[in-house]
Amino acid sequence: MATSSGVGSGGALDQERVQAFLERVITDSGAAVAGLCTSLGDRLGLYTAMAGAGPLTSAQLAARTGLVERYVREWLAAQVAGEYVSYAPDTDTYLLPAEHAAVLADPELPTYAAGFFTAMQALYATEDALMEAFRTGEGVGWEEHSTALFAGTAKFFRPGYAAALVPEWLAALEGVREKLERGARVADVGCGYGYSTTLMARAFPRSQFHGFDFHRPSIEAARGIADEEGLADRVSFEVATAQDYPGEDFDLITFFDCLHDTGDPGGALHHAEEALADGGTCMVVEPNASANAQENAHPVGRALTAASVAVCLPSALAQHGPRALGNHAGEETMREIADEAGLHHWRLAAESPLNRVYAVGR
Ligand SMILES: C[S@@+](CC[C@H](N)C(=O)[O-])C[C@H]1O[C@@H](n2cnc3c(N)ncnc32)[C@H](O)[C@@H]1O
């Protein structure tokens with residue numbers, strides 16, 4: 001039903017559309033608050049304790065997790081309201097369905113998605129700095145965020161890498177798997193916590209892997225993870241920028257969800273071109289988001305583009321380089337930057353809902 005009362009534009013408002021959109025925004029506000037409960041469930045081990053446990057009372061879940069029952073009961077009520085957990089009033093018990101456990105409880109599964117919520121704490125905490133940045137045009141550096149962002153980013157991307165990196169993405173690069181099996185030199189640039197590095201190192205014991213990142217706390221975390229996994233013989237991590245890491249004759253240079261975060265992606269690719277061995281390959285993994293904003297109007301595109309506002313663009317701007325791309329600059333732009341850097345061969349090698357994987361070479 002259209003009425004004559006307009007807001008702002010002075011046009012007639014379709015009240016049904018207003019109500020529908022209001023419901024949408026209320027749903028989103030519920031999701032924004034409930035995300036905190038998802039993160040608590042993930043980090044406090046509540047989902048893990050419920051996975052496969054069958055129906056539990058709040059007291060039983062509290063005992064399993066060593067947490068205070070009153071808080072656990074409140075958390076469970078929110079989980080029931082969000083339909084993550086079901087409730088049986090006759091027995092006063094709560095159940096995490098197996099299908100939900102596959103998404104919330106086990107970081108080793110490719111469907112695990114709870115990790116993203118760890119990063120939320122950091123994203124929301126950035127709001128004041130972002131307001132200032134919107135006014136001044138300055139950046140907010142990656143290193144200015146809290147550990148929640150670094151750990152959350154690693155947890156968010158890891159399941160996708162674990163599922164596809166070795167069996168699909170590396171297999172889609174011509175001749176690379178064979179080189180890695182024989183023994184190759186690999187640089188993983190902007191490696192963060194280095195899950196991509198250690199996943200490759202586990203699969204290819206004859207190769208040497210060098211992870212680089214300009215963020216010291218991430219490099220320290222990556223070293224700890226590689227040590228725990230017993231991979232120190234073939235993996236090293238060093239603090240270095242994407243434009244100046246040491247080493248040459250790399251058979252493979254990888255960029256996992258980081259090239260667009262640098263202030264000088266062209267400089268990073270130029271350095272990679274110089275550091276590649278003859279016949280070497282760059283693997284550029286970028287978020288699967290389009291340069292056309294309308295094409296990102298789906299759940300993954302929404303998450304990615306919002307993350308670009310909060311982190312990717314400000315991180316690149318803080319580096320005061322020639323380009324701040326954001327995470328949806330699109331294939332054509334990335335390809336042109338690679339071409340200018342002397343990497344003239346560019347091919348979309350693989351794709352997942354979250355990532356596009358490009359094979360790039362001289
Ligand atoms: C979104 S995170 C991705 C981390 C990791 N590759 C992953 O996939 O989980 C981006 C990473 O790029 C790193 N980074 C940003 N600019 C950089 C630069 N100029 N040189 C080196 N690393 C950089 C950040 O420190 C951060 O670890």
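In which strand is A349 found? You will meet the answer in the first close-up below. Please keep in mind throughout that this is a predicted model.

**View 1. A349 sits within a strand and is hidden from the surface.** A349 belongs to strand β10, which covers residues 345-351. With a relative accessible area of 18%, A349 is buried, because buried means under 20%. Now look for G41, a residue 308 positions away from A349 along the chain. The C-alpha atoms of A349 and G41 are separated by 36 Å.

**View 2. Y87 and Y94 form a tilted pair of rings.** The structure holds 12 aromatic pairs. In one of them, the ring centres of Y87 and Y94 are 4.8 Å apart, and the planes meet at 40°, so this pair is tilted. How does that follow from the angle? Planes under 30 degrees apart count as stacked and those over 60 as edge-to-face, so an angle in between is called tilted. The two partners have their own surroundings: Y87 is partly exposed, at a relative accessible area of 36%, while Y94 counts as buried at 7%.

**View 3. F157 and Y161 stack along helix α8.** Here the ring centres are 5.8 Å apart and the planes of F157 and Y161 differ by 5°, so the pair is stacked. Where do these two residues lie in the chain? Both are in helix α8, which runs over residues 147-169, and they are 4 residues apart, so about one helical turn separates them. F157 and Y161 are both buried. Try zooming out a little: ring pairs join F157 and Y161 with F116, F117, F156, W169 and F256 in a cluster.

**View 4. R158 meets the face of a tyrosine ring.** R158 is placed in helix α8. Is R158 buried or exposed? Its relative accessible area is 12%, so R158 is buried. R158 lies over the face of Y195, 5.0 Å from the centre of the ring. The side chain of R158 also reaches the backbone oxygen of P107, at a distance of 3.4 Å.

**View 5. R185 sits over the ring of F250.** In this close-up, follow the side chain of R185 to its charged end. That end is 4.6 Å from the centre of the F250 ring.

**View 6. The ligand is surrounded by 19 residues.** Which residues come nearest to the ligand? They are Y161, G190, D213, A242 and F256. You have already met two of these names, Y161 and F256, in the ring cluster. Some polar atoms are worth finding one at a time. A backbone N or O atom of A242 is 2.8 Å from a nitrogen atom of the ligand. For F256, a polar backbone atom lies 2.8 Å from a nitrogen atom of the ligand. The side chain of W142 has an N or O atom 3.4 Å from an oxygen atom of the ligand. How much of the ligand's accessible area does the protein cover? On its own the ligand has 590 Å² of accessible area, and the protein covers 96% of this.

**View 7. Residues 181-294 carry an annotation from a database record.** In an unreviewed UniProt entry, this span is annotated as "domain: Methyltransferase". Such annotations may be inferred rather than shown by experiment. Within the model, residues 181-294 are 31% helix and 31% strand. The C-alpha atoms at the two ends of the span lie 42 Å apart.

**View 8. E83 and H320 each have a positive phi.** E83 is not a glycine, yet its phi is positive, at about 65°. E83 is found in the loop between α4 (69-81) and β3 (86-88), and at 64% relative accessibility E83 counts as exposed. From E83, look for Q121, which is 38 residues away along the chain. The C-alpha atoms of E83 and Q121 are separated by 22 Å. H320 is not a glycine either, and its phi is about 50°. The loop that holds H320 lies between α13 (299-317) and α14 (331-340). H320 counts as exposed, with 58% relative accessibility.

Note on methods
Residues are numbered from 1 along each chain as its sequence is written. This is a predicted model: local features need pLDDT of at least 70, side-chain atom pairs count only at pLDDT 80 or more; totals for chains, interfaces and linings use all residues. Side-chain values use heavy atoms; hydrogens and water are left out. Rings of Phe, Tyr and Trp (its six-membered ring) pair if their centres lie within 6.5 Å; planes under 30 degrees apart count as stacked, over 60 as edge-to-face and the rest as tilted. Buried means under 20% relative accessible area, exposed over 50%, partly exposed in between (1.4 Å probe, protein chains only). A charge sits over a ring if NZ of Lys or CZ of Arg is within 6 Å of the ring centre and within 35 degrees of the ring normal. A residue is near a molecule or strand if one of its heavy atoms lies within 4 Å of it. A polar contact is a pair of N or O atoms within 3.5 Å; within protein, one must be able to donate a hydrogen and the other to accept it, and residues adjacent in sequence count only if both atoms are side-chain atoms. Accessible areas come from the Shrake-Rupley method with a 1.4 Å probe; for residues, only the protein chains shown count as cover.
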